Amino acid sequence: MKKALITGITGQDGAYLAELLLEKGYEVHGIKRRASLFNTDRIDHLYQDPHDTGRRLILHYGDMTDSTNLIRIIQSVQPDEIYNLAAQSHVAVSFETPEYTANADAIGPLRILEAIRILGLEKKTRFYQASTSELYGLVQEIPQKETTPFYPRSPYAVAKLYAYWITVNYREAYGIYGCNGILFNHESPVRGETFVTRKITRALARIKLGLQDCLYLGNLDALRDWGHAKDYVEMQWLLMQQDQPEDWVIATGQQHSVRDFVNAAAEELGIRITWQGSGVDETGTDQTGAVIVRVDPRYFRPTEVETLLGDPTKAREKLGWTPRISFRELVAEMVREDLKSAERDELVKKHGYRAFDYNE
Ligand code: NDP
Ligand code: GDR
């Protein structure tokens, strides 16, 4: 039985990847951080009681900033594959916590690669680095492919640039199977609530049910190449099964603006949008009943990535990969799931309890 170790197993991709690897018959080990509350919501459906013999999902406490912990876990698991998905993954937050972001996102992967060397696992353990389209930042070429020069535009992207190159370097220097998946934005119903897609689907569903007044966003004109996380984790696995380690762009090749995403979600919900509308009443709709979306400069970034569009030709031609889930299907699924949870909150509110209304 192959063993995989996933850092960031409690995140969006970690959850989808753990599910996929369990289906494929792997023994899956995951690293989770200690938190003051349970933080395993996304993988609770995969949970196996630690007292079950023969369980194939095993969680370890750990942190990307603690070398001793990473070495010990890798030594005891002896994984065939390590998927390094753990990161402080929010671009805007990286401007607030640049040093921590560098520690977790840049030095973290170095710690894992060094652990592989220290433990003499260079020939056994393959390493996947969650690289990102944010590396292209201020884009030098449209669309972006594996050979497009990088120009990172945030502490997050600069940290990920180090991680990208240290993976390449350890591959060349020590013969480690290390590969980078340069993944463009990918979303799902379990996307973190403060990324723009999920913020939109969650807010519009809540506005429709009267649980929230209006939606505040930052740059409405930003263009992204949005795919579905389920499609993209399949690629993470596939990239680790090749004869030679390489670096790959994973993207849909289609671009939409934040504004397009709002409109698509509104259509799914059967509501109309008015942008920064005048004549607002207390319910957050204008006189015609359209939902107000306002721009709040607090969501602007000190340096923005205006446009990203991937060219996944290499993955398509060499691996036969094309994403299965379309943009409209992605939006529809996210809206459907957020509407269900808004309905649950509505019920809670109806019975006199305060429904969770954090709105960042
Ligand atoms: P999430 O933010 O959903 O998940 C990040 C995971 O990393 C969580 O499990 C989080 O734990 C964990 N984590 C954060 N900091 C640490 C730390 N110091 N030590 C240990 N674990 C830590 O991200 P995604 O699932 O969306 O993304 C997965 C990876 O892919 C990330 O590295 C991201 O940067 C990268 N990426 C994502 C893209 C996307 O569009 N989703 C595109 C390209 C790259 P906790 O649950 O406790 O917070
Ligand atoms: P991104 O994702 O920065 O591309 O990073 P995010 O959804 O945060 O932003 C996308 C674009 O939308 C604009 N935007 C807003 N963003 C947020 N979060 N909140 C808002 O209110 C808002 N209004 C407009 C942003 O300015 C930006 O242009 C994601 C993360 O998953 C990274 O970890 C990953 O590496 C990249 O995708 C690829």
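## Domains

Which residues does the domain assignment of the chain give to domain 1 and domain 2? In this predicted model, domain 1 covers 3-188 + 226-250, and domain 2 covers 196-223 + 256-304 + 326-350. Each domain is thus listed as separate stretches of the chain.

Taken over C-alpha atoms, the centres of domain 1 and domain 2 are 31 Å apart. Contact between the two involves 8 residues of domain 1 and 9 residues of domain 2. On the domain 1 side, helix 3 (residues 91-96) provides the largest share, 3 residues. That side of domain 1 consists of 4 nonpolar, 2 polar and 2 charged residues.

## Nonpolar cores

The largest nonpolar core is made up of 65 residues. Ile6, Ala18, Phe127 and Ile250 have the most contacts inside this core. Helix 5 (residues 155-174) supplies the largest share of the core, 9 residues.

Which residues does Ala18 touch, leaving aside its neighbours within four places in sequence? With those neighbours set aside, Ala18 is in contact with Ile6, Ile9, Val28, Gly30, Ile43, Leu46 and Leu57. A second core, separate from the largest one, has 24 residues, among them Ala203, Ile207, Val291 and Ala342.

## Surroundings of ligand 1

The shell around ligand 1 has 26 residues, and the closest are Gly8, Gly11, Ala86, Ala87 and Ala130. Helix 1 (12-23) and strand 5 (126-132) each contribute at least two residues to this shell. Of the elements, helix 1 gives the most, with 3 residues.

By class, the shell around ligand 1 contains 9 nonpolar, 14 polar and 3 charged residues.

## Surroundings of ligand 2

How many residues surround ligand 2, and which come nearest? There are 22 residues around ligand 2, and Ser89, Thr132, Val196, Gly218 and Ala222 come nearest. Helix 3 and helix 6 (196-208) are the elements that give two or more residues to this shell. Helix 3 is also the element with the largest share of the side of domain 1 that touches domain 2.

By class, the shell around ligand 2 divides into 10 nonpolar, 7 polar and 5 charged residues. Why is ligand 2 placed between domain 1 and domain 2? Ligand 2 lies between them because both domains give residues to its shell.

Conventions: Residues are numbered from 1 along each chain as its sequence is written. Chains are lettered from A and ligands numbered from 1 in the order in which they are written. This is a predicted model: local features need pLDDT of at least 70, side-chain atom pairs count only at pLDDT 80 or more; totals for chains, interfaces and linings use all residues. Domain bounds come from an automatic or database domain assignment. Two residues are in contact if their C-beta atoms, placed from the backbone, lie within 7 Å. Helices (H or I, at least four residues) and strands (E, at least two) are DSSP runs, numbered from the N terminus. Ala, Val, Leu, Ile, Met, Phe, Trp, Tyr, Cys and Pro count as nonpolar, Asp, Glu, Lys and Arg as charged, and the others, Gly among them, as polar. A nonpolar core is a set of buried Ala, Val, Leu, Ile, Met, Phe, Trp, Tyr and Cys residues joined through C-beta atoms within 7 Å. A residue is buried if 20 or more other C-beta atoms lie within 10 Å of its own, exposed if 12 or fewer, and partly exposed in between; C-beta atoms are placed from the backbone. A residue is near a molecule or strand if its C-beta atom, placed from the backbone, lies within 6 Å of it.
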